[in-house]
Amino acid sequence: MGSRGQVLKLFKSLHRTRQEVFKNDTKALEAARQKINEEFRNNRDETSEEKINELLKIASDVEVILRTSVIQAVHTDSDKIVLIPRKDLLQDNTPYLDKPTKKQES
């Protein structure tokens, strides 16, 4: 796939990720849409293959960070926030123990 195809694929991927990550948050959806479009628009005349590859790497990293690190939170009261994790953020985790047990030596 040529760099133009890679750019378009990444552009679409960022927008799909944006829609999933900021679902039901119109302000965040619009802000992310504007930022993605602005960054791609500002670099559309770039001809250096090295610079294009660097920009593609940055955009790809941003997509991964959005998908794996951003979590929505909703204020439910003046002093309470409810987190809304997406299924792809939930991972198997070791339960927390106040008093860890010592490992048995064999």
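**Exercise 1. A patch on the surface**

Which residues make a nonpolar surface patch of about 280 Å²?

*Solution.* The model examined here is a predicted one. Step 1: the residues to be named are Ile71, Ile81 and Leu83, which make the nonpolar surface patch of about 280 Å². Step 2: one of these residues can be placed in a named element, since Ile81 is found in strand β2, residues 80-84.

**Exercise 2. The order of the elements**

Determine how many helices and strands the protein has, and in which pattern they follow one another along the sequence.

*Solution.* Step 1: count the elements; the protein has three helices and two strands. Step 2: read along the sequence, which gives the pattern α-α-α-β-β. Step 3: consider burial; the protein has 106 residues, and 21% of them count as buried.

**Exercise 3. Salt bridges within helices**

State how many salt bridges the structure holds. Then examine the pairs formed by Arg33, Glu39 and Arg67, and classify each residue as buried, partly exposed or exposed.

*Solution.* Step 1: the structure holds five salt bridges. Three of the pairs are treated below, one in each step.

Step 2: the partner of Arg33 is Glu30, and the closest N and O atoms of this salt bridge are 2.6 Å apart. Both residues belong to helix α2, where they stand three residues apart, about one turn of the helix. To classify them, recall that partly exposed covers the range between the limits of 20% and 50% relative accessible area. Arg33 has a relative accessibility of 31% and therefore counts as partly exposed. Glu30 has a relative accessible area of 32%, so Glu30 is partly exposed.

Step 3: the side chain of Glu39 meets that of Lys35 in a salt bridge, with 2.9 Å from N to O. Glu39 and Lys35 also lie in helix α2, four residues apart, about one turn of the helix. Because its relative accessibility is 35%, Glu39 counts as partly exposed. Lys35 is partly exposed as well, because its relative accessible area is 45%.

Step 4: Arg67 and Glu63 meet through their side chains in a salt bridge of 2.9 Å, N to O. Their element is helix α3, and they are four residues apart, about one turn of the helix. With a relative accessible area of 33%, Arg67 is partly exposed. For Glu63 the cut-off that matters is the one for buried residues, under 20%. Glu63 has a relative accessible area of 8% and is therefore buried.

**Exercise 4. The largest pocket**

Describe the largest pocket: how much space lies in it, which residues lie nearest its centre, and which elements line it?

*Solution.* Step 1: begin with the principle. Empty space left between atoms is shown by rolling over them a probe the size of a water molecule.

Step 2: in this model, about 730 Å³ of space lies in the largest pocket. Its lining consists of 22 residues, and those nearest the centre are Val7, Glu39, Phe40, Asn43 and Ala59. The elements that give two or more residues to this lining are α1 (3-21), α2 (26-42) and α3 (49-69).

Step 3: helix α3 supplies the largest share of the lining, seven residues. Step 4: sorted by character, the lining residues comprise 15 nonpolar, two polar and five charged. Glu39, named among the residues nearest the centre, is the residue that meets Lys35 in a salt bridge.

**Exercise 5. A loop residue with positive phi**

What is the value of phi at Asn24, and is Asn24 buried or exposed?

*Solution.* Step 1: locate the residue; Asn24 is found in the loop between α1 and α2. Step 2: its phi is near 70 degrees, a positive value in a residue other than glycine. Step 3: the cut-off for an exposed residue is over 50% relative accessible area. The relative accessibility of Asn24 is 76%, so Asn24 counts as exposed.

**Exercise 6. Separation in sequence and in space**

For Val70 and Phe22, and for Val64 and Thr17, give the separation along the chain and the C-alpha distance.

*Solution.* Step 1: Val70 and Phe22 are 48 residues apart along the chain, while their C-alpha atoms are separated by 8.9 Å. Val70 lies in the loop between α3 and β1 (72-77), and it counts as partly exposed because its relative accessibility is 23%.

Step 2: Val64 and Thr17 are 47 residues apart in sequence, with 8.9 Å from C-alpha to C-alpha. Val64 is found in helix α3. Its relative accessible area is 35%, so Val64 is partly exposed.

Key:
Residues are numbered from 1 along each chain as its sequence is written. This is a predicted model: local features need pLDDT of at least 70, side-chain atom pairs count only at pLDDT 80 or more; totals for chains, interfaces and linings use all residues. Side-chain values use heavy atoms; hydrogens and water are left out. On a 1 Å grid over the protein atoms alone, a cavity is a set of points where a 1.4 Å probe fits but cannot get out, and a pocket is an open set with protein on both sides within 12 Å along at least five of seven lines; lining residues have an atom within 4 Å of a point. Grid points are joined across faces, edges and corners, and a volume is the space filled by probe spheres set on the points. Ala, Val, Leu, Ile, Met, Phe, Trp, Tyr, Cys and Pro count as nonpolar, Asp, Glu, Lys and Arg as charged, and the others, Gly among them, as polar. Patches are made of residues with over 30% relative accessible area and no salt bridge: like charges are joined within 9 Å, nonpolar side chains (Val, Leu, Ile, Met, Phe, Trp, Tyr) within 5 Å. Accessible areas come from the Shrake-Rupley method with a 1.4 Å probe; for residues, only the protein chains shown count as cover. A salt bridge is a side-chain nitrogen of Lys or Arg within 4 Å of a carboxyl oxygen of Asp or Glu. Buried means under 20% relative accessible area, exposed over 50%, partly exposed in between (1.4 Å probe, protein chains only).
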